[in-house]
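Reader: Hi! Could you walk me through this one? I'm new to reading structures.

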Amino acid sequence: MACIEARGLRKAFGTTIALDGVDLRVDEGRILGLVGPNGAGKTTALNAVLGLTAYEGSLKVLGRDPWQERDQLMRDVCFVADVAVLPRWMRVSQALDYVTGVHPRLDRAKAEGFLAKTQIKRTSKVRELSKGMVAQLHLALIMAIDAKLLVLDEPTLGLDILFRKQFYDSLLNDYFDHSRTIVVTTNQVEEIQNVLTDLMFINHGRIALSCSMEEFELRYAEVMVKPEQAAAARALQPIQERQVFGRSILLYDGVDRQKLAALGEVRTPSIADLFVAVMGNNYPQ
Amino acid sequence: MNTQSDAVRETAAGMPAVATANVTTTRPLYWSVRRELWENRSLIIAPVTVAVVILVGFLIAALRALSHLRQALVDPEHQRMAVQMPYDVAAALILVTAVITAAFYCLDALYGERRERSILFWKSLPVSDTTTVLSKISIPLVVLPLITFAIIVATHVVILVMGIVILPGGGFSAATMWAELPLFRMWIALLYALAVLALWHAPLYAWLLLVSGWVRKAAFLWAMLPPFAIAVLEKISFNTLYFRDFLKYRAFGWFPLAFMPQPDNAPPPADPLSTLTPGRFLSTPGVWLGLVVAAIFLAMAVRQRRYRGPL
């Protein structure tokens, strides 16, 4: 069952083409990581999904057209654009009252429970909180909403390691059940590698790679070759080669792991390495 | 307000129904208006401050010139005017403050959220652009007039108490004062004036709201300069002042339409309600055309909010 389904999604800002015919499909209950360089079209794609911008092509989110049916869609979809956008004048208690009064799916008791685990005082204004606490507040509100789709656009931007870890831990443990869908974009790909179920690379407004993490682990392999095997290794047509401490590491797409095992130590590449390999040829432009 | 009901989650076409969900009834307009009041404390603080200043001023003035005041009050010709004057002055000053506060509120209403980028937070909640714009225009048209009324009434009550405590003596009694002070009728006339102002100025507030949602910076200049430029252009090219007169009409024209004109030095009438001319006001096409224009500006503001994001 598709949560998000896009076909031929296009968006141009004047002469700049932000999205150039994007086809994507996100099933329910998946956690998708959308990874791409700056200016690749991630935010534009998310904005289209959230009904914040018009677009050409076909796009259905939870069965609705997000641009036309935004008001109904926002009851089932939650998003965090950047954790720093909570209004600075608002008190924590006012934010809680407002979201409770306005969102049909917010469970106030849950939100208060999440807030109780933090150091946030109810009477503080958002401008008095540190950036990490604002993120905690925003997340507490978001996680108490029973949404079907959660979109996170660079949610951990500017947060320290502790908060970032806590963020994803809470998300996985307290929020994610297998009927909800989460879409995350982030430049810090390393930390979400273990969180994702699906992966997409986007570049120049097009999807460069789309696979589930299980496929990812089966398909891509990285080998640190012993120097004497280097030539044989290159014969298998790696998609990328790099040197680390004088030894070659080669990245393969779809090559039988047993063959690779003979050449050296085989392991699953990190998303970051694959990203550089896939994008490296096209970037910068 | 919050009725928790176990209900089956709505099924959009083809989506499987999920067991039970807590879906509560919501009041987006109510909460949006409350949010506006939380955000803009100045809406209440400004008129209250002015009221306090007026009260202190009156107190000091009365204490300084008590004997003169009592003489003026005893003089039968000017008695009514002298008794009513502090109430009218207080009401007028607080009203002017409220109008200025409302204008500045409108200029920032749709601008602040874009400048702060909090618009992305508001848009992440299921409150439609229409509801948001309506909640914002309701401040100068409904909420602020009610707040102003409450503040003026409270001020009047304080003036009354001050009058009863300070003034009697020298041939002037509290009973005489009360006879010349049709306070409840004055308050009804005040409510009428607030309603008239809201209806008449609606297109101006809607214009300010539209500008605040549209421009990237200097909302005040964008709101004020185009009309000014048009008036200047007209005067220079055609040597006529129609546009300027139209603007003046739009700002001040409510008074001669809603109230019967009074000759200049006449004492205030015994019944303030006799000067009200609601029929004439409501039958002026300018009122209704103004409301249509306001509706158009608001529709444009809703559209702008849908299409535009942060600055």
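**Two helices side by side**

Author: Happy to! This is a predicted model. In chain B, the axes of helix 8 (residues 183–214) and helix 13 (residues 285–307) come within 8 Å and cross at roughly 20 degrees.

Reader: Are helix 8 of chain B and helix 13 of chain B roughly parallel or oblique to each other?

Author: Angles under 35 degrees count as roughly parallel, so helix 8 of chain B and helix 13 of chain B are roughly parallel to each other. Helix 8 of chain B passes helix 13 of chain B in a left-handed crossing.

Reader: Cool. Which residues of helix 8 and helix 13 of chain B make the contact?

Author: From helix 8 of chain B, they include B:Leu199, B:Trp200, B:Trp207 and B:Trp214. On helix 13 of chain B, B:Val287, B:Leu291, B:Phe297 and B:Arg305 are among them.

Reader: And how do the residues of that contact between helix 8 and helix 13 of chain B divide: nonpolar, polar, charged?

Author: The contact of helix 8 with helix 13 of chain B has 17 nonpolar residues, three polar and one charged.

Reader: Let's try another pair. At what angle do helix 1 and helix 6 of chain B pack?

Author: Helix 1 (residues 28–39) and helix 6 (residues 129–166) of chain B pack at an angle of about 60 degrees, and their axes are 9 Å apart.

Reader: What do we call helix 1 and helix 6 of chain B, then: roughly parallel or oblique to each other?

Author: Oblique. An angle under 35 degrees would count as roughly parallel, and 65 to 115 as roughly perpendicular, so helix 1 and helix 6 of chain B are oblique to each other. Their crossing is right-handed.

Reader: Which residues of helix 1 and helix 6 of chain B meet there?

Author: Helix 1 of chain B brings B:Pro28, B:Leu29, B:Ser32, B:Val33 and B:Glu36. Among the residues they meet in helix 6 of chain B are B:Thr131, B:Leu134, B:Lys136, B:Ile139 and B:Val143. By class, this contact of helix 1 with helix 6 of chain B has six nonpolar, five polar and two charged residues.

Reader: Zooming out a bit, how many helices and strands does chain B have?

Author: Chain B has 13 helices and two strands. Of its 311 residues, 30% are buried. Take the contacts in chain B between residues at least 6 apart in sequence: 77% of these join residues at least 24 apart.

Reader: OK, switching to chain A. How many helices and strands are in chain A?

Author: Chain A has 11 helices and 13 strands. Its C-alpha trace spans about 65 × 40 × 35 Å along its principal axes. Buried residues make up 45% of the 285 residues in chain A. Among contacts in chain A between residues at least 6 apart in sequence, 70% join residues at least 24 apart.

Reader: Which domains does the domain assignment give for chain A?

Author: The assignment gives domain 1 (2–204) and domain 2 (216–280). The centres of domain 1 and domain 2 of chain A, taken over C-alpha atoms, are separated by 34 Å. Eight residues from domain 1 and seven residues from domain 2 of chain A take part in the contact.

Reader: Which element gives the most to the side of domain 1 of chain A that touches domain 2?

Author: Strand 8 of chain A gives the most to that side, with three residues. The residues on that side of domain 1 of chain A divide into five nonpolar, two polar and one charged.

Reader: Now the two chains together: how many residues does the contact take from chain A and from chain B?

Author: The contact takes 27 residues from chain A and 28 residues from chain B. On the side of chain A that touches chain B, strand 5 (77–80) and helix 3 (92–102) of chain A are the elements that give two or more residues. Helix 3 of chain A gives the most, with five residues. That side of chain A has 15 nonpolar, five polar and seven charged residues.

Reader: Last thing: what is phi of A:Glu154 near?

Author: Phi of A:Glu154 is near 50 degrees, a positive value in a residue other than glycine. A:Glu154 lies in the loop between strand 6 (149–153) and helix 6 (161–175) of chain A. A:His204 also has a positive phi, of about 50 degrees, although it is not a glycine. A:His204 is found in the loop between strand 8 (198–203) and strand 9 (206–212) of chain A.

Reader: Is A:His204 buried or partly exposed?

Author: Partly exposed: A:His204 has 18 other C-beta atoms within 10 Å, and a residue needs 20 or more to be buried. A:Glu154 is partly exposed, with 18 other C-beta atoms within 10 Å.

Note on methods
Residues are numbered from 1 along each chain as its sequence is written. Chains are lettered from A and ligands numbered from 1 in the order in which they are written. This is a predicted model: local features need pLDDT of at least 70, side-chain atom pairs count only at pLDDT 80 or more; totals for chains, interfaces and linings use all residues. Helices (H or I, at least four residues) and strands (E, at least two) are DSSP runs, numbered from the N terminus. A residue is buried if 20 or more other C-beta atoms lie within 10 Å of its own, exposed if 12 or fewer, and partly exposed in between; C-beta atoms are placed from the backbone. Ala, Val, Leu, Ile, Met, Phe, Trp, Tyr, Cys and Pro count as nonpolar, Asp, Glu, Lys and Arg as charged, and the others, Gly among them, as polar. Domain bounds come from an automatic or database domain assignment. Axes are lines fitted to C-alpha atoms, for helices over the stretch in contact, and angles run from 0 to 180 degrees between N-to-C directions. Angles under 35 degrees count as roughly parallel, over 145 as roughly antiparallel, 65 to 115 as roughly perpendicular and the rest as oblique. A crossing is left-handed if the near helix is turned anticlockwise from the far one by less than a right angle, and right-handed if clockwise.
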